[in-house]
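Please open the structure in your viewer and keep the selection tool at hand. The tour below goes from stop to stop, saying at each one what to select and what is found there.

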Amino acid sequence: MEVFDHEPGPRVVFGAGALAQVPAEVRRLGPRRVLLIAGRHEKPYADTLAAGLSPAGRIEEVAVHVPAETAAAGIEVAREIEADLLVCVGGGSATGLAKAIARQTGVAILAVPTTYAGSELTPVWGLTEGGRKTTGGDPRVRPRVVVYDPELTLSLPVEVSAASGLNAVAHAVEALYAPDAAPQTKDAGEEGIRILAAALPKVVARPGDLAARTDALRGAWRCGAALAGATMGVHHTICHVLGGAYDMPHAETHAVVLPHAVACNEAFVPAAMARLGGALGSNDPAKALWDLAARIDAPTSLAQLGFRHENVDAAAELVVAAGKANPRPVERDWVAELLLEAWDGARPDDS
Ligand code: NAD
């Protein structure tokens, strides 16, 4: 007997020019007092929205991993202006701040993602305090509407696009072997990986190619759906620990760790690896993921990102202490070995 129990996803509007649909989507939800949230780089899109929405308030600074003080300030603004809808424009950092506010106030979210992170589809929130990142699930933080406009991703720098795309791929990879992922969740993940593996090299070669950008955002949407419907394994635990305790950059860390996490898990989940290999066009998915990262100039070593060799053992302890499930039972020795390989950055099995 198999039982899968996942909430249906949000309403999705997808397509070039979809930003213009946001005011109509806001009216559909019927709020009166919008709080508009966007980071510095997403400001031009937020300005366009502000002209059509006349928000009651705006937040123009967001920060990665949602520092507790940023969340507290946002909650205060939302309460002051009696916001009844949060509209966030940006990557996972803008969405994350909206989620932190929604978690405390119950105010609904309309998300306009501009990276490939996938947070817009999940009920997962994150908060960082005192060097520790905490995450949890709460249906109130899952956006009600998501508006995907590939035109907004044309300005996403090539190096952010590459790393963010691999962050999306990582969600789908772990969904392929998640014990609780429904068949349609795995299908979404496989489709997302296939689309992104083809689209990312084109995006990196021609960042202004709207067709490639459209494919990449569609792939990210599928990968985000996979993330929303599955419990993530050791790859996400490692990236979470490195981000929270060592301040490592989110998407780039995912890009580096993924081939090594796949290499460690592959003997334990052959069926998932066969699907992953099919989506990547390779019978060695760990190497294929490393090759994809190298081809799109994404980072391939943790050393390159500033992670220090002497922190490997302590980080491995934190990963084990997190107590999360994974196809290969999580043990300190192989996690430390994985971290060393990711630190070094050699192609899996070539070291
Ligand atoms: P980000 O939101 O920090 O964006 C990365 C950089 O790109 C920022 O400087 C941003 O301003 C800039 N940027 C974004 N869109 C742009 C655009 N269109 N043009 C130009 N610049 C642009 O990074 P991210 O990787 O999207 O999100 C990372 C955060 O999201 C982390 O805190 C992570 O934990 C969280 N996250 C949460 C979930 C979840 O389900 N809760 C899922 C994925 C990521």
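## Stop one: a loop residue

Select Thr-115, which sits in the loop that runs between β5 (108-113) and β6 (124-129). Keep in mind throughout that this is a predicted model. Is Thr-115 buried or exposed? Its relative accessibility is 14%, and because the limit for a buried residue is under 20%, Thr-115 counts as buried. If you now display the side chain of Thr-115, you can follow it to the backbone nitrogen of Ala-117, which it reaches at 3.3 Å. Leaving aside residues up to four places away in sequence, Thr-115 touches Gly-90, Gly-91, Gly-92, Leu-156, Ser-164 and Leu-217.

## Stop two: the ligand

Next, select the ligand together with the 22 residues around it, of which Glu-42, Ser-93, Thr-114, Thr-122 and Lys-133 come nearest. Which helix gives the largest share of this shell? That share, 3 residues, comes from helix α4 (residues 92-105). If you colour the shell by residue type, you should find 8 nonpolar, 11 polar and 3 charged residues.

Three polar contacts can be picked out here, one after another. An oxygen atom of the ligand lies 2.8 Å from a polar backbone atom of Gly-92, a residue that you have already met as one of those touched by Thr-115. A nitrogen atom of the ligand is placed 2.8 Å from a polar backbone atom of Val-124. At Lys-133 the partner belongs to the side chain instead, where an N or O atom is 2.5 Å from an oxygen atom of the ligand. On its own the ligand has 860 Å² of accessible area, and the protein covers 84% of that.

## Stop three: a residue of helix α1

Move to helix α1 (residues 22-29) and select Val-26 within it. With a relative accessibility of 6%, Val-26 counts as buried. Show its surroundings, again without residues up to four places away in sequence, and you will see that Val-26 touches Pro-31, Val-34, Leu-53, Leu-85, Val-87 and Leu-110. For Leu-53 you can also draw a distance between C-alpha atoms: Leu-53 and Val-26 are 27 residues apart along the chain, and these two atoms are separated by 8.3 Å.

## Stop four: the cysteines

How many disulfides does the model hold? The count comes to 0 disulfides. Cys-88 takes part in none, and the nearest cysteine sulfur, which belongs to Cys-223, is 19 Å away. Selecting Cys-223 in turn, you find that the closest cysteine sulfur is in Cys-239 at 15 Å, which is too far for a bond because a disulfide needs two sulfur atoms within 2.5 Å. Both residues are enclosed, since Cys-88 counts as buried at 1% relative accessibility and Cys-223 counts as buried at 0%.

## Stop five: two loop residues with a positive phi

Most residues other than glycine have a negative phi. With that in mind, select Glu-82 in the loop between α3 (68-80) and β4 (85-90), where the residue has a positive phi of about 50° although it is not a glycine. Then go to Asp-247, in the loop between α8 (234-246) and α9 (250-265), which also is not a glycine and has a positive phi of about 55°. Are these residues buried or exposed? Glu-82 counts as exposed at 59% relative accessibility, and Asp-247 is exposed as well, with a relative accessible area of 63%.

## Stop six: helix α11

Finally, select helix α11 (residues 285-295), in which 8 of the 11 residues are buried, so that the helix is largely enclosed by the rest of the structure. Among the buried ones are Pro-285, Lys-287 and Trp-290. The buried residues of α11 pack against α5 (158-176), α6 (183-205), α9 and α10 (270-280).

Within α11, pick Leu-292, which counts as buried at 7% relative accessibility. Apart from residues up to four places away in sequence, Leu-292 touches Leu-166, Ala-197 and Pro-201. A line drawn from the C-alpha atom of Leu-292 to that of His-235, 57 residues apart from it along the chain, spans 17 Å. Just after α11, end the tour at Asp-297, which takes a positive phi of about 60°.

Note on methods: Residues are numbered from 1 along each chain as its sequence is written. This is a predicted model: local features need pLDDT of at least 70, side-chain atom pairs count only at pLDDT 80 or more; totals for chains, interfaces and linings use all residues. Side-chain values use heavy atoms; hydrogens and water are left out. Helices (H or I, at least four residues) and strands (E, at least two) are DSSP runs, numbered from the N terminus. Buried means under 20% relative accessible area, exposed over 50%, partly exposed in between (1.4 Å probe, protein chains only). A polar contact is a pair of N or O atoms within 3.5 Å; within protein, one must be able to donate a hydrogen and the other to accept it, and residues adjacent in sequence count only if both atoms are side-chain atoms. Contact means heavy atoms within 4.5 Å. A residue is near a molecule or strand if one of its heavy atoms lies within 4 Å of it. Accessible areas come from the Shrake-Rupley method with a 1.4 Å probe; for residues, only the protein chains shown count as cover. Ala, Val, Leu, Ile, Met, Phe, Trp, Tyr, Cys and Pro count as nonpolar, Asp, Glu, Lys and Arg as charged, and the others, Gly among them, as polar.
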